[in-house]
Amino acid sequence: MSASAVFILDVKGKPLISRNYKGDVAMSEIEHFMPLLVQREEEGALAPLLSHGKVHFLWIKHSNLYLVATTLKNANASLVYSFLYKTVEVFCEYFKELEEESIRDNFVIVYELLDELMDFGFPQTTDSKILQEYITQQGNKLETGKSRVPPTVTNAVSWRSEGIKYKKNEVFIDVIESVNLLVNANGSVLLSEIVGTIKLKVFLSGMPELRLGLNDRVLFELTGRNKNKSVELEDVKFHQCVRLSRFDNDRTISFIPPDGDFELMSYRLSTQVKPLIWIESVIEKFSHSRVEIMVKGGKEYLMRAHFGLPSVEKEEEEGRPPIGVKFEIPYFTVSGIQVRYMKIIEKSGYQALPWVRYITQSGDYQLRTS
């Protein structure tokens, strides 16, 4: 089961706009939402799901708005929350900023979008690029240039339109890895993790099929290759365009891509990572009101701070927060992942150029001080 109705409320809980999809929950039930929320806040027991009798409110907050879905039965909560967040994403694509004013200024287009986003309580077309093909906006007005539904809505490849043409066919691939690291004062690594994403920017004509090859350890084992230079990927998540059955069979990442920018996949590696950047810090107290902090990195920085504070005879042990580090290293991945090939197959037989870029950057990278 999914949502019975969806409401967009202002910060005081007043409905700005709503859409009743199933008619099995009275629209007046929304009046109980804000009192319930305030009560739970006061009790310190606020939850993303609130209930009044048999009616459940699944809600999120964005800016000065509440997006609330109501349901009478045991709904698929993860589906409903995914839909609410996707609705926010679509509205932001249309209005740049999603807030009370943008809803009031665009009632017609918001109603139109709510009609297309969900049908009888189940999500339908939630890709903003596809929606913009037939729900167009000029200023605060809605244009309906073509009354027919675009092929992408009924096509099996709903994320890509037909008839796309480029003078120069290119694919840009970004392999981005974020390093999460926690090191204690004596240099021991307490926590290390690599979170990676592969993002594509696609400028290809027609309906091309792409095949991406990585130095995936499971693939190397299946094909009998030397796995010394391979990477074992964990928690792999793909864009909906990837053929999962083929990946499960032979680890081939095969897909018809959306046009433009999108995230093809993400992955995680729980592996021991040596600190890429090391920092030493020394904190000395010269008096009750003067502290000198010296931080050494690739360069040496010296910061002196003088505080005009009352003299305190008894010194209390203070907790020293870790030092957070921000960095970006181009042309390098800490895991060693590599794009071995990108094959582009299109019936017209055109030649296309794939470009690959590797970036390693700091995630939650912290070094504890002594």
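In this predicted model, helix α2 is followed by K96, a residue whose phi is positive, near 70°. That positive value occurs in a residue other than glycine, and the place of K96 is in the loop between α2 and α3, the latter covering residues 100-105. K96 has a relative accessibility of 67%, and because a residue over 50% is classed as exposed, K96 counts as exposed.

The helix that precedes K96 can be checked against its expected length. Helix α2 runs over residues 77-95, and at 1.5 Å a residue its 19 residues should span 27 Å; the C-alpha atoms at its ends are 27 Å apart, so the expected and computed values agree. Several side chains of α2 are hidden from the surface, for the buried residues of this helix are V80, Y81, F83, L84, T87, V88, V90, F91, Y94 and F95. A77, by contrast, lies in helix α2 but is partly exposed, with a relative accessible area of 29%. Although A77 and S2 are 75 residues apart in sequence, their C-alpha atoms are 7.7 Å apart in space.

Helix α2 also takes part in the lining of the largest pocket, to which it gives four residues, the largest share from any element. As a general matter, rolling a probe the size of a water molecule over the atoms shows where empty space is left. The largest pocket of this model has a volume of about 600 Å³. The elements that give two or more residues to its lining are α2, α5 (128-134), α6 (151-154) and β15 (260-269). In total the pocket is lined by 20 residues, and of these K86, E89, T126, D127 and H239 lie nearest its centre. Sorted by class, the lining consists of five nonpolar, nine polar and six charged residues.

For the protein as a whole, the secondary structure comes to eight helices and 22 strands. The protein has 370 residues, of which buried residues make up 40%. Its accessible surface comes to about 21200 Å², and 50% of this area belongs to carbon and sulfur atoms. Among the contacts in the protein with a separation of 6 or more, 64% are accounted for by residues 24 or more positions apart.

Contacts between residues distant in sequence can be followed at individual positions, one of which is N184. This residue is placed in the loop between β10, residues 170-183, and β11, residues 189-203. With a relative accessibility of 16%, N184 counts as buried, because the class takes in residues under 20%. Once its neighbours within four places in sequence are left aside, N184 is in contact with L190, W278 and R368. For the pair N184 and R368, a separation of 184 residues in sequence corresponds to 4.9 Å in space, C-alpha to C-alpha.

The loop between β10 and β11 also holds N186, which is exposed, with a relative accessible area of 61%. N186 and T369 are 183 residues apart in sequence, while the distance between their C-alpha atoms is 8.6 Å. This loop therefore contains both N184, which is buried at 16% relative accessibility, and N186, which is exposed at 61%.

Two residues in strands complete the description. R19 is placed in strand β2, which covers residues 15-20, and R19 is partly exposed, with a relative accessible area of 26%. Not counting residues up to four places away in sequence, R19 touches A5, V6, M27, L114 and D115. The C-alpha atoms of R19 and S4 are separated by 8.9 Å, the two residues being 15 residues apart along the chain. The second residue, D235, is found in strand β13, residues 234-238. D235 has a positive phi of about 50° although it is not a glycine. At 47% relative accessibility D235 counts as partly exposed, since its value falls between the limits of 20% for buried and 50% for exposed residues.

Terms used
Residues are numbered from 1 along each chain as its sequence is written. This is a predicted model: local features need pLDDT of at least 70, side-chain atom pairs count only at pLDDT 80 or more; totals for chains, interfaces and linings use all residues. Side-chain values use heavy atoms; hydrogens and water are left out. The expected span of a helix is 1.5 Å times one less than its number of residues. Buried means under 20% relative accessible area, exposed over 50%, partly exposed in between (1.4 Å probe, protein chains only). On a 1 Å grid over the protein atoms alone, a cavity is a set of points where a 1.4 Å probe fits but cannot get out, and a pocket is an open set with protein on both sides within 12 Å along at least five of seven lines; lining residues have an atom within 4 Å of a point. Grid points are joined across faces, edges and corners, and a volume is the space filled by probe spheres set on the points. Ala, Val, Leu, Ile, Met, Phe, Trp, Tyr, Cys and Pro count as nonpolar, Asp, Glu, Lys and Arg as charged, and the others, Gly among them, as polar. Contact means heavy atoms within 4.5 Å. Accessible areas come from the Shrake-Rupley method with a 1.4 Å probe; for residues, only the protein chains shown count as cover.
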